[in-house]
Amino acid sequence: MDKAHTLIEALPWLARFHGATVVIKYGGNAMTEEHLRAKFADDVVFLRYAGLKPVIVHGGGPQIQAQLDLQGIDSHFVSGLRVTTPEAMQVVRMVLVGQVNRDVVGLINRHGPFAVGMSGEDAHLFTAERKYAVVDGVKIDIGQVGEIVNVEAGAVQALLDDGRIPVVSSIARGADGEIYNVNADTAAAALAVALRASKLIVLTDVEGLYADWRPDDPGLEVISRIRASELAGLLPGLSSGMVPKMEACLTAVEGGVPQAHVLDGRAPHALLLEIFTDEGIGTMVLPDTDDFAKETGVAP
Ligand SMILES: Nc1ncnc2c1ncn2[C@@H]1O[C@H](COP(=O)(O)OP(=O)(O)O)[C@@H](O)[C@H]1O
Ligand SMILES: CC(=O)N[C@@H](CCC(=O)OP(=O)(O)O)C(=O)O
């Protein structure tokens, strides 16, 4: 009976999201354990069979770091972004496009001929300009880090129309001939906006956005719903990897994506629980308008 209840609870959500494009950011920290990687692939293929159109944008921060360490290349972060020298850029591109992208495509394709890998350089998907960090009002050079200025989503849309699951690495080309390292959360948000996606889902290694984050504190409280303007107010106080993540959610909802979510990719089947259950999980970011509440009856 419990199983039947679970299935029937999914009915309104199946109806609501049938045919919907969902952009899923798969973070490097969420993909470290083999059994969770297999469950992630199961979920993505489940979504595809349930009539949704999933698009994966993957990260790979820890995997890049391991290779940089192996090669003795120094690297550090400023405002959640990797300072990327030309030497580091070669490693970033090799690991994301040649290793992580292949791994994610391979996992999904155990289920059938669905996944097609792409770099953001392909078919001019992402065009970027050099990005600078600003710390205490001071502009800092962080190397070959890119800010996406244009998205040509036609090739991704064509794959979706063909029933495929695009798997995208967050590398961009510059009109200046450079190759840029783009934070994967930022790339996922830009693609979600360009595809007019119904949802952006960011999978990471924490339950969601904590109201008052302190490392190793067992009593942390997850913010389950937050409006765009409230999130904008919190952004200056956020630290490390959460900065690009929450900026990405804000960019997505301000760009017309109706909902953006941060979920714990370590929780088995987090994607299915978020999309097909009434309570959802993690942190949901909503625009300032009330459309979502009106449409669903769920109070934000
Ligand atoms: N307010 C916060 N809520 C949750 N996590 C936070 C917060 N502030 C900082 N963090 C840190 O941000 C990390 C997630 O960012 P990151 O390591 O870049 O993840 P990913 O590889 O999934 O992109 C968390 O593991 C946590 O250590
Ligand atoms: C500019 C910048 O910081 N780029 C990231 C790209 C990978 C990424 O974003 O991976 P996660 O999602 O696993 O953190 C990096 O070099 O680590």
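**Exercise 1.** In this predicted model, determine which residues Gly60 touches, leaving aside those up to four places away in sequence, and decide whether Gly60 is buried or exposed.

*Solution.* Begin with the contacts: beyond the residues up to four places away in sequence, Gly60 touches Gly28, Val95, Leu96 and Val100. Next, place Gly60 in the fold, where it lies in the loop between strand 2 (53-58) and helix 4 (61-70). Finally, count the neighbours: a residue is buried if 20 or more other C-beta atoms lie within 10 Å of its own, and Gly60, with 26 C-beta neighbours inside 10 Å, therefore counts as buried.

**Exercise 2.** Establish in which element Gly61 lies, and whether Gly61 is buried or exposed.

*Solution.* Gly61 lies in helix 4. Because 20 other C-beta atoms are found within 10 Å of Gly61, this residue is buried.

**Exercise 3.** Work out which residues UniProt lists for "binding site", and why they can be said to gather at one spot.

*Solution.* The unreviewed UniProt entry lists Gly60, Gly61, Arg82 and Asn181 under "binding site". Although these residues span 122 residues in sequence, no two of their C-alpha atoms are more than 11.8 Å apart, and so they gather at one spot.

**Exercise 4.** Describe the surroundings of ligand 1, stating how many residues surround it and how the residues of its shell divide into nonpolar, polar and charged.

*Solution.* First, the shell: 18 residues surround ligand 1, and the closest are Gly27, Thr204, Tyr210, Trp213 and Gly241. Then, sorted by character, the residues of this shell comprise 7 nonpolar, 9 polar and 2 charged.

Conventions:
Residues are numbered from 1 along each chain as its sequence is written. Chains are lettered from A and ligands numbered from 1 in the order in which they are written. This is a predicted model: local features need pLDDT of at least 70, side-chain atom pairs count only at pLDDT 80 or more; totals for chains, interfaces and linings use all residues. A residue is near a molecule or strand if its C-beta atom, placed from the backbone, lies within 6 Å of it. Ala, Val, Leu, Ile, Met, Phe, Trp, Tyr, Cys and Pro count as nonpolar, Asp, Glu, Lys and Arg as charged, and the others, Gly among them, as polar. UniProt positions are given in the numbering used here, feature names are shortened, and annotations may be inferred rather than shown by experiment. Helices (H or I, at least four residues) and strands (E, at least two) are DSSP runs, numbered from the N terminus. A residue is buried if 20 or more other C-beta atoms lie within 10 Å of its own, exposed if 12 or fewer, and partly exposed in between; C-beta atoms are placed from the backbone. Two residues are in contact if their C-beta atoms, placed from the backbone, lie within 7 Å.
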